[in-house]
Amino acid sequence: MLSLILRRLVHCTILFLSSVVLTYALASTALDPRAYFEGRQPPPPSRVVDSELSRLGMDDRAPLPERFAHWPGRAVHGDLGRTIDGESVNAEFGRRVGVSVRLLLVGTVAGTAIGVLAGMWAAVRRGGPGDRALTVFSFAVLCVPTFVLALLLKTGALAVNQAAGSTVILYTGEHTPGLRGGWAVQLRDTAAHLLLPAICVAIPAIASYSRYQRAATLDVLGADHLRTAQAKGLTPGRALLRHGLRISLVPVSVFFSFGMLALFTGAVFTEEIFGWPGMGSWLVDSVRKGDVNSVVAIDLFAAAVVLLAGLLADVVHALLDPRVRQP
Amino acid sequence: MTGAGRGRAVLRRMVRRPGALCGLAVLLLLFTLAFVGPFVSPWTHTDVDYSALRQPPDARHWMGTNRIGQDVFAQVVRGLQKSLLIGLLVALFSTVLAAAVGACAGYFGGWTDRVLMFVVDLMLVLPGLLVLVVVAPKLRDRGWIALVGLLALLGWMVTARAVRGMTLSLKERQFVVVARLMGVSPLRIIWRHVLPHTASFLITDATIAVGGAVISETGLSYFGLGVQPPDVSLGTLIADATDVALVYPWMFFFPTGLLIAFVLAVNLVGGALRDALDPTTDSARPSRIPLSGMSS
C-alpha cells in the first residue's frame, strides 16, 4: 500500500512540474502583458514599459528560457513573483485560495455523497418513477452549461426576493462587506452567501455521480454473491450495503479525478457569476490583463487539486479493491 | 453477420426506444432549421432594423429583435448553424486523434505507450479551461476553425485511454496474432483489425462528444473568447442576453432553449446508440468532460 502511494506520488510530482513548465511556456507566449501597459491613459514611455516588464519577468522581447529561468529559483523558496500590478502573487493567492477551496470542498462532498446515495437509490428502484425522475433530472442538468444554471439560480433568487419583499437569498459576493458581529454572525453570513454557488457547483456533480453510481450498482445487483447474502438471510438493502456498495464504488472512484477537473471548471463560471473573489475570477482577470505570473500560480493550484484528487482516488481504489494493492 | 444486417439490427433496436426516436426527430428538425432557416427568413444575422429595437416576437420578427434591432430568428439560426458545425467537427477531429493515439499506444507498447500515456496524463492535469482562455485570444484572428482545432486538442484524452485499453486486449486475440505472424504491417493491422472492433465505442463516444463540444464553445463565448463578432454562435447569443434575461426574455430563452434541446437530443441518441450497438454494456465509464459541468 505504502509503495503504491509512493509510486503514485513520484508520478504525480513529475506531472505537476511538467504541467507548470508547460503552462508557463503557454502563458508567456500567448498572453500580451505589454498591451496592458501600453493601453493605459496616458500611454507610458516605451522605456518605462520595458523596464517594468523585465522587472516582472514578462519581457516579451527576451527569449523564453531566459524569462523562465528566474521563476523556478524563487518559486522553490515559495515566492511566486509579482502580479502585473506589482503586488505579490503569494498574497493574492492566499486571499483567494480559501474562497475557492470552500466552494470546491462543498461541491465535492455534496456531489459525491448525494450523488452516490441517489444513484444507489435509483438503481434499486430501476424503472420506477423515482428512477425515471432522477434520470430526467440528471440528463437535463448535464445538458445545461454551468453559466446558464448559475444565471437561472440567480434569477430565481431575485424572484423570491421580490416576492418576499426583502433579501431572503443572497446572490452576490462571498460575504457581506463591513458586517459587524461575533463569529456566529459572520458564520451565518458566510453560509448564507455559500448557498446558491454551492448548489450551482454541486448539482452537475450530483447528476453525473448519480449516473455512474446507478450503472455500477445495476452491475452489482445481479451478482451471485449478493444472491447468496440474501439467501443467508440478509434483507436486500442490507446485502447491497454490506456486499455491493464496496464493489460499485470502484468505477466511481476512477471517475473522481476527472470529476474534480469538471468541478474546477464549473467553479470558475460560478465564481465569475456570483462575484466570488476566488481563483476562477482571478483567472479571468489575469488573462484579460496578460498577467503571466498569476496564470501560472492558478495552474499551480488547479494541477495540485486535480492531482490530489487523483491520488485520493487511487488510495480509495486500493482500499476498496485488494487486487490493486498487490504489486 | 453482414454490414447491412447489423445496421438493420441496430436500427431496429434504436427505433424501439422512444427517447432515441424523439432525439433523432429533434436533431433532424434542428438541422433543417439551421440550414434552411436562413433562406426562409427575410433578415440576415447582421441586418439592423432601426424601426424595431427590443421588439417582442411578432409577425415581422418571429423571435423578436435584440437591443440594436437585429432579428433574433436570423441570429439564432445562424448561431445554431455555427454551433452544430463546431460540435460535429470537434467530435470528428478529437475522435480520430483519440483512436490514433490510443490504438498506437496499446498496440506498440513499450516506450511509445509510455510517452503517449504521459502526454495523455499531462493534458488531463492541465485544466482545459485555463489553456482555452489563455490561447483563445491569440486565435481570434484565425476564425472559428482554429477554435475547432483547439477544442478538439483538449478533448481526446479520456477516449484515447479507453481505446488503448481495448487495443491491449485485442492485441492478444487470435486474428491479430495470426495477421502479425503473416507479416501484415502494424499500421495495417491497426487499421483493418483493431480499429473496426472499437468502432461502436468510438461512434457512441463521438456522438456524446458533439454535445460536450457545443457546451464548451458556449462557455468560452460567455467569456467573449469564442466565436467573434459579427459572426454569432449560440454561446455568444446567450452571453449577450444574460443580463437582460428577465426584461427581454425572447433574446435569452430562444438560443438557450435550442442549445439545451440540441445537447439533450444528441445525448439521447448517443445513449440509445450505445445500447443498440452493444446491448451487453450498460456499465459506467468516464466519458468526455465538457468545459462547463460534466457529461455522462
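Student: How many residues of chain A are in contact with chain B, and with how many residues of chain B?
Tutor: This is a predicted model, in which local features need pLDDT of at least 70, side-chain atom pairs count only at pLDDT 80 or more, and totals for chains, interfaces and linings use all residues. Residues are numbered from 1 along each chain as its sequence is written, while chains are lettered from A and ligands numbered from 1 in the order in which they are written. Taking two residues to be in contact if their C-beta atoms, placed from the backbone, lie within 7 Å, the count for chain A is 50 residues, and these touch 39 residues of chain B.

Student: Which element gives the largest share of the side of chain A that touches chain B?
Tutor: Helices (H or I, at least four residues) and strands (E, at least two) are DSSP runs, numbered from the N terminus. The elements that give two or more residues to this side include H1, H11 and H12 of chain A. The largest share, 12 residues, comes from H10(A).

Student: How do the residues on that side of chain A divide into nonpolar, polar and charged?
Tutor: Ala, Val, Leu, Ile, Met, Phe, Trp, Tyr, Cys and Pro count as nonpolar, Asp, Glu, Lys and Arg as charged, and the others, Gly among them, as polar. On this basis the side of chain A that touches chain B has 37 nonpolar, 10 polar and three charged residues.

Student: What is the relative direction of H10(A) and H12(A)?
Tutor: Axes are lines fitted to C-alpha atoms, for helices over the stretch in contact, with angles from 0 to 180 degrees between N-to-C directions. The axes of H10(A) and H12(A) come within 9 Å and cross at roughly 180°. Angles under 35 degrees count as roughly parallel, over 145 as roughly antiparallel, 65 to 115 as roughly perpendicular and the rest as oblique. H10(A) is therefore, relative to H12(A), roughly antiparallel.

Student: How do the residues of the contact of H10(A) with H12(A) divide?
Tutor: Among the residues that meet are Leu249(A) and Phe256(A) in H10(A), and Val305(A) and Leu312(A) in H12(A). The division is 15 nonpolar, four polar and one charged.

Student: How many residues of H5(B) are buried?
Tutor: A residue is buried if 20 or more other C-beta atoms lie within 10 Å of its own, exposed if 12 or fewer, and partly exposed in between, with C-beta atoms placed from the backbone. The buried residues of H5(B) pack against helices of chain A, including H10 (236-274), together with H6 (144-153) and H9 (186-222) of chain B. Of the 12 residues in H5(B), the number buried is nine.
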